Amino acid sequence: MTVADRFMSRRTRGGADYSGRVIRRPVAEHRAAVGAHLAGIRRTEKVPVAVTLGRVTARPVHAPYSLPLFDNSAMDGFAVRASEVRPGVVLPVSGRVFAGDAAPESLPAGSATAIMTGAPLPRGADAVVPVEQTVETDGRVRFESSPEPGAFVRSAGDDVRAGARVVDARVTLTPRHLGALAASGVAAVEVIRRPTVAVISTGSELIRPGCEPSGGQIFESNSLVLTSLAAEHGAQVVYVAAARDDGDFDTILTAACLDADLVLTSGGISMGEREPVRQTLGEYGWFGPTAMQPGGPQGLALWHGTPVICFPGNPVSVIVSFEVLLRDHLRELAGLPPIPCGRARLGRDVTSVRGKTQFLRGVLGDDESPGVPVVEPIGGPGSHLAVTAAAADLLIEIDADVTHAAAGTEVTTWPLT
Ligand code: AMP
Ligand code: MG
């Protein structure tokens, strides 16, 4: 039994106490329940290095081999014993070694081996003289310089020793890291998994943008909001569907659970007569009012073991629900840091309903002086005002016990994605 199951078995019926008073679950409590609901999702996976760009390592990666793998030449030239070479010395050329050749047995004393960049150094040689500082004729080479021991030799293990750390845990992999991993001979890496998400919109009134609306129909927009938010915060969207209120929600939900770690639904959880999400999932989780506005009705359930998070249908409620209740939990699963809240001063007076945490949409003022910025609340309380909400920079949180906040009051703000 997961924490979420235990949590829910105590509280399966959210809604009213024995005297019929509405009990609203506080926002922080529901937010914690959403986090607990995701606790069983697998967090890491091993994937080929070739597909790890931008992924976050789950654990440190250690070098299986020392690098370079063997002593080799940094230049095209001649492998020599440094002590035998100075300007004017002529030595016989004892052989030629190319990149990809096995290391020659050894360098005979008093000779030089022609060597190409990356070719293994013959045993006994301790320096390479670049070809530009030599003249080769008739199987003999004349030197124009005196090499130091070690000159132009890339020694085994001077980049990394076998067993040493190539990349730390929690590193977002860049092209450089991919190069280091491949160079080290690492073929696959344990990375943080991107949780797979399915999105189901519900509502018999919904039609696709581009269709001509007839009576009672509206354009479906929540699925685009939720799929793009989920992707933005580290998830892979694997399934998107829309269900009618009088039809096949459970069939669609079952299909969604095939590939998804997590299903997000919108709509269908209020008190109406056709609420397919609540009617299908009510006995498998918690549904009830939260002390949040917009986004009051919320639900959490398990369907065939897959967590389902149920948001209300109003477009602004969907945005607020995702940002406040789910965003940082999803980021955590995906190995991304949380997005911190900020502080701002209200640009005008606002009123609020006692007992509900209000999330108003706000735009930041253009006053760039240091200190707490000013935020202007925009739009009305209606949670259908999708176009107005698009202009907002952030959500303004008004505490549940506040009914009036004067201009200048400091408030918590939630950056919008
Ligand atoms: P519901 O929560 O199902 O009662 O829906 C609340 C309101 O949101 C209704 O006016 C719906 O028409 C609207 N709505 C529900 N789902 C969507 C959606 N996917 N896209 C746009 N509006 C929606
Ligand atoms: Mg509906």
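This is a short tour of a predicted model, from its ligand and pocket out to a few backbone spots in the loops.

**Stop 1: the ligand**

Start by selecting ligand 1 and showing what surrounds it. There are 17 residues around ligand 1, and those that come nearest are E205, E220, S221, G268 and G313. Turn on sticks for three of these and check some distances.

- Pick E205: an N or O atom in its side chain is 2.5 Å from an oxygen atom of ligand 1.
- Go on to E220, where a side-chain N or O atom sits 2.8 Å from a nitrogen atom of the ligand.
- Then take G313, which uses its backbone: an N or O atom there is 2.9 Å from an oxygen atom of ligand 1.

How much of ligand 1 does the protein bury? On its own the ligand exposes 490 Å², and the protein buries 78% of that.

Now colour the shell around ligand 1 by class: you should get five nonpolar, 10 polar and two charged residues. For the strands, highlight β13 (196–202) and β15 (218–219), since each of them supplies at least two residues of that shell.

**Stop 2: the pocket**

Hide the ligand and put a surface on the protein. Rolling a probe the size of a water molecule over the atoms shows where empty space is left. Which pocket does ligand 1 take up? The space it fills is the largest pocket, with a volume of about 370 Å³. Select the 21 residues that line this pocket; closest to its centre are E205, L206, I218, N222 and G313. E205 and G313 should look familiar, as both are also among the residues that come nearest to ligand 1.

Keep β13 and β15 highlighted, because each supplies at least two residues of the pocket lining too. By class, the lining splits into six nonpolar, 11 polar and four charged residues.

**Stop 3: backbone oddities**

Leave the pocket and switch to a backbone view. Most residues other than glycine have a negative phi, and most peptide bonds are trans. Here are some exceptions to click on.

- Select L67 and P68: the peptide bond joining them is cis, with omega about -10°. P68 belongs to the loop between β2 (61–62) and β3 (72–73).
- Jump to Q293 and P294 for another cis peptide bond, this one with omega about -5°. Look for P294 in the loop between β19 (292–293) and β20 (297–303).
- Finish at F152, a residue other than glycine whose phi is positive, near 55°. You'll find F152 in the loop that runs between β9 (140–143) and β10 (153–154).

How values were computed: Residues are numbered from 1 along each chain as its sequence is written. Chains are lettered from A and ligands numbered from 1 in the order in which they are written. This is a predicted model: local features need pLDDT of at least 70, side-chain atom pairs count only at pLDDT 80 or more; totals for chains, interfaces and linings use all residues. Side-chain values use heavy atoms; hydrogens and water are left out. A residue is near a molecule or strand if one of its heavy atoms lies within 4 Å of it. A polar contact is a pair of N or O atoms within 3.5 Å; within protein, one must be able to donate a hydrogen and the other to accept it, and residues adjacent in sequence count only if both atoms are side-chain atoms. Accessible areas come from the Shrake-Rupley method with a 1.4 Å probe; for residues, only the protein chains shown count as cover. On a 1 Å grid over the protein atoms alone, a cavity is a set of points where a 1.4 Å probe fits but cannot get out, and a pocket is an open set with protein on both sides within 12 Å along at least five of seven lines; lining residues have an atom within 4 Å of a point. A molecule sits in a cavity or pocket if more than half of its atoms lie within 2 Å of its grid points. Helices (H or I, at least four residues) and strands (E, at least two) are DSSP runs, numbered from the N terminus. Ala, Val, Leu, Ile, Met, Phe, Trp, Tyr, Cys and Pro count as nonpolar, Asp, Glu, Lys and Arg as charged, and the others, Gly among them, as polar. Grid points are joined across faces, edges and corners, and a volume is the space filled by probe spheres set on the points.
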